[in-house]
Amino acid sequence: MDNKEENKQVGNQSNDTTNNKVKNSEYYDENGVPKYEELINYENEIRKEIELTTPLVSEKHTIDYLTNEFKNSEYEQSIKSVVSKYKFIRTTRRDGNCFYRGYLFSLFEEIGLNKNEKLYNQIEKIAKESKDVTERQGYEWVVIEDFYNMFNEELNRIYSIDKEYIVEYLNKLFADKEKSNYLIVFVRLFIAAYLKENKILYESFVFEEDFNTWVTREVEAIDNECDQIQIMAIVNAFGVGVTIEYLNSNSVDTMKFPEGECPFNHFIHLLYRPGHYDILS
């Protein structure tokens with residue numbers, strides 16, 4: 001047998017071995033079809049079910065809603081401390097945007113319902129300055145313009161609407177998926193630019209990865225969950241703090257960002273259970 005024939009046989013054996021490994025691997029079924037397609041389809045089905053059954057932001061429930069939700073669960077005892085501190089809860093959809101949506105809804109509610117002029121002036125100023133921040137960090141105006149305009153228009157409208165209509169308006173605004181997502185995308189792009197501009201303060205929290213790459217994947221992309229870095233950046237960028245009631249099976253840990261006083265002395269209150277945020281008041 002010459003070398004060419006021998007190499008050909010060896011090559012065929014190698015290909016057969018490779019094909020068998022592919023077909024029998026954890027990533028492919030017996031027909032060589034990638035299993036991850038099944039996972040993607042399954043996740044899409046879950047998302048559709050959530051969209052059909054869960055509002056983006058619910059109506060306001062009395063805090064007893066939590067007692068009923070966690071009855072006979074591992075959280076039944078620990079939830080009692082939350083129930084004793086708050087009167088109402090609004091649930092948000094589990095779609096990766098729950099922190100952003102809860103934070104924005106509460107912020108707009110404070111500005112519109114309580115006509116908090118100081119807070120309104122602050123957010124209006126920051127929102128307008130966000131154009132310069134995003135452009136300095138390389139975001140083209142044609143990309144951010146619609147989101148920027150939507151945020152500023154809604155902010156001004158919410159402050160100008162009579163108090164008696166503000167809750168109804170906010171419910172409709174945040175029930176509109178397109179408008180609600182526009183507001184969230186604005187915040188995501190602004191915070192992404194803010195993080196890049198203040199990279200020296202945040203890059204130590206990102207390990208073994210380029211910081212800007214992390215920002216693009218974890219902050220800019222819609223439906224990606226909000227972790228502690230994003231929370232710190234949002235609080236610092238807007239000057240509005242957040243108090244998070246962190247639900248554990250045995251207790252509730254209260255976490256404040258920032259830990260001391262925030263610049264404008266206003267805190268938004270959220271409930272956190274693993275992977276999800278709801279609005280407390």
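Which residues are buried in H12? Hold on to that one for a minute, everyone, and let me set the scene.

What we have here is a predicted model, where local features need pLDDT of at least 70, side-chain atom pairs count only at pLDDT 80 or more, and totals for chains, interfaces and linings use all residues. Residues are numbered from 1 along each chain as its sequence is written, and side-chain values use heavy atoms, with hydrogens and water left out.

The protein has 12 helices and 6 strands; these are DSSP runs numbered from the N terminus, with helices being H or I of at least four residues and strands being E of at least two. Of its 281 residues, 42% are buried, meaning under 20% relative accessible area with a 1.4 Å probe, protein chains only.

Back to my opening question. Helix H12 covers residues 228-238, and its buried residues are Ile229, Gln230, Ile231, Met232, Ala233, Ile234, Val235, Ala237 and Phe238. That makes 9 of 11 buried, so H12 is largely enclosed by the rest of the structure. Right after H12 comes glycine 239, with a positive phi near 75 degrees.

Now for the sheet. Its 6 strands form an open sheet in the order S1-S2-S6-S5-S3-S4, and the pairing is mixed. At the edges sit S1 (61-62) and S4 (252-257), each pairing on one side only. Two strands pair here if DSSP finds at least two bridges between them. As a reminder, strands of a sheet pair through backbone hydrogen bonds, either parallel or antiparallel.

Let's walk through the strands, beginning with S3. Of its 7 residues, 6 are buried, so to speak "mostly covered". S3 (residues 241-247) runs parallel to S5 (residues 267-273), and 6 bridges join them. Isoleucine 244 has leucine 270 in S5 as its bridge partner, and tyrosine 246 has tyrosine 272. On S4, tyrosine 246 stands opposite aspartate 253. S3 and S4 are antiparallel over 6 bridges, and a hairpin of 4 residues links S3 to S4.

How many residues of S5 are buried? The count is 6 of 7, and therefore S5 is largely enclosed by the rest of the structure. S5 also runs antiparallel to S6, joined by 4 bridges. Tyrosine 272, which we just met as the partner of tyrosine 246, stands opposite tyrosine 277 in S6. The S5-S6 hairpin has 2 residues between the strands, and glycine 275 there takes a positive phi near 85 degrees.

One helix to look at against the sheet is H5 (residues 98-113), which lies across S2 (88-90), S3, S5 and S6 (276-280) and runs at about 15 degrees to S6. Those angles run from 0 to 180 degrees between N-to-C directions, using axes fitted to C-alpha atoms, for helices over the stretch in contact; contact means heavy atoms within 4.5 Å.

Finally, contacts across the chain: among those with a separation of 6 or more, 71% come from residues 24 or more positions apart. Thanks, everyone!

How values were computed: Buried < 20%, exposed > 50% of the residue type's maximum accessible area, 1.4 Å probe, protein only.
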